[in-house]
Amino acid sequence: MDDFWEVLNIEGNLDEAEILFSKIQNYCLGSFIEENLTKIYLSIESKNEVTNVLNNLELPDTINLKWEKIDNEDWHLMWKENFTPVTINNKINILPDWHFKDDINDSNVYIRPGMSFGTGHHETTSLMVESLIDYSNNEFSLLDLGAGSGILSIVGSKLKYKDIKAVEFDIECKDDFYFNAELNSCSKDIEIFWSDVLDWNDFSYDLILANIEKNIIKKMIKNIENTNARFIFSGLLVEDKYEIEKLLTKKNFKIENFKSKNEWLLIDCKKI
Ligand SMILES: C[S@@+](CC[C@H](N)C(=O)[O-])C[C@H]1O[C@@H](n2cnc3c(N)ncnc32)[C@H](O)[C@@H]1O
């Protein structure tokens, strides 16, 4: 593991910062916002790729970018200060691991804030948790594409989804995923595959979640042939709606619901 993190500080307009964040979300290991400052944590290896992405964007005058290096210890301390419990639809509480109580409670999901995405604070995750709540009581089987910390699979297990499979290609998530599954007593309910979702071709599930960046979602949609699954995509911006809707319609998906939170979009659809 590196001794340092690269931090991209985006100063200024929070909406513009959020849009910029969506373009580099795939490289991001975590983020948090302090007043008008958005901090995005990246591994040292990804700095060049992120710089290339930034160089190809037209940045608005309302934001300023500054790079900073911090050591690993500081990262974990910052998370601790900023990870507060979140309750979603009065049904699921997402709590940091240091709140763990060894009690049997299907409402509480404990997450260690580490290097993986998925603490419940980001709109794309909470929109997905809301959908998991909406479709619970159906005894659905579940596929979680781009599992990160494991949060959606764990929520699925708490809500009694069956035959839960998760797919993630970033091996930096391994420690957090296994730790979180074990902490929530869900390890036996979730099977994880460490591979690229674009190589995944089994779509015989009742519910398939993909909280992944737009370009991966677009490639996935093109790969999906006949299936009865309900697909829920988040990781999209409201401004992506028309583009994704067009692609889904072309691939014979019927859109059953759109939901948004701030500038983030969720699409719920099925093949016809
Ligand atoms: C936005 S995070 C979502 C994490 C979690 N599911 C949640 O909802 O909070 C996206 C995750 O997808 C993973 N990912 C991105 N592209 C992927 C790919 N092509 N194959 C597998 N995983 C991928 C990233 O490593 C990251 O952990």
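A residue counts as buried when its relative accessible area is under 20%, as exposed when that area is over 50%, and as partly exposed in between. Keep that in mind for the residues picked out below, and bear in mind that this is a predicted model.

**The whole chain**

Let's start with the overall picture. The protein chain has eight helices and 14 strands. Its radius of gyration is 18 Å, close to the 19 Å that the globule rule gives for 272 residues, so the chain is as compact as a globular protein of that length. If you line the C-alpha trace up along its principal axes, it spans about 50 × 45 × 30 Å.

How much of the chain is buried? Buried residues come to 52% of the 272 residues. As for contacts with a separation of 6 or more, 65% of them are between residues 24 or more positions apart.

On the outside, the accessible surface is about 13200 Å², and carbon and sulfur atoms account for 45% of that. The chain carries 29 positive and 49 negative charges, and the mean positions of the two sets lie 7 Å apart.

**Two domains**

The chain splits into domain 1, residues 4-79, and domain 2, residues 84-271. Taken over C-alpha atoms, the centres of domain 1 and domain 2 are 24 Å apart. In the contact between them, domain 1 puts in 13 residues and domain 2 puts in 16 residues.

**Three residues to look at**

Ala17 sits in helix H1, which covers residues 14-24. Apart from its neighbours within four places in sequence, Ala17 is in contact with Ile10, Thr38 and Ile63. Ala17 and Ser43 are 26 residues apart in sequence, and their C-alpha atoms are 19 Å apart in space. With a relative accessible area of 0%, Ala17 falls under the 20% cut-off, so Ala17 is buried.

Now for a couple of loop residues. Most residues other than glycine have a negative phi. Asn137 and Asn252 each have a positive one, as the table shows.

| Residue | Phi | Loop |
|---|---|---|
| Asn137 | near 75° | between helix H4 (123-134) and strand E8 (141-145) |
| Asn252 | about 65° | between helix H8 (241-250) and strand E13 (253-261) |

Is Asn137 buried or exposed? Its relative accessible area is 76%, which is over 50%, so Asn137 is exposed. Asn252 has a relative accessible area of 44%, which lies between the two cut-offs, so Asn252 is partly exposed.

Note on methods:
Residues numbered from 1 in each chain as written. Predicted model: local features only at pLDDT ≥ 70, side-chain atom pairs only at ≥ 80, totals over all residues. Heavy atoms only, no water. Helix = DSSP H or I, 4+ residues; strand = E, 2+ residues; numbered from the N terminus. Rg over C-alpha atoms; globule rule 2.2 N^0.38 Å. Buried < 20%, exposed > 50% of the residue type's maximum accessible area, 1.4 Å probe, protein only. Contact = heavy atoms within 4.5 Å. Areas by Shrake-Rupley, 256 points an atom, 1.4 Å probe, with all protein chains shown as cover. Lys, Arg positive; Asp, Glu negative; His and termini not counted. Charge placed at Lys NZ, Arg CZ, Asp CG, Glu CD. Domains from an automatic or database assignment.
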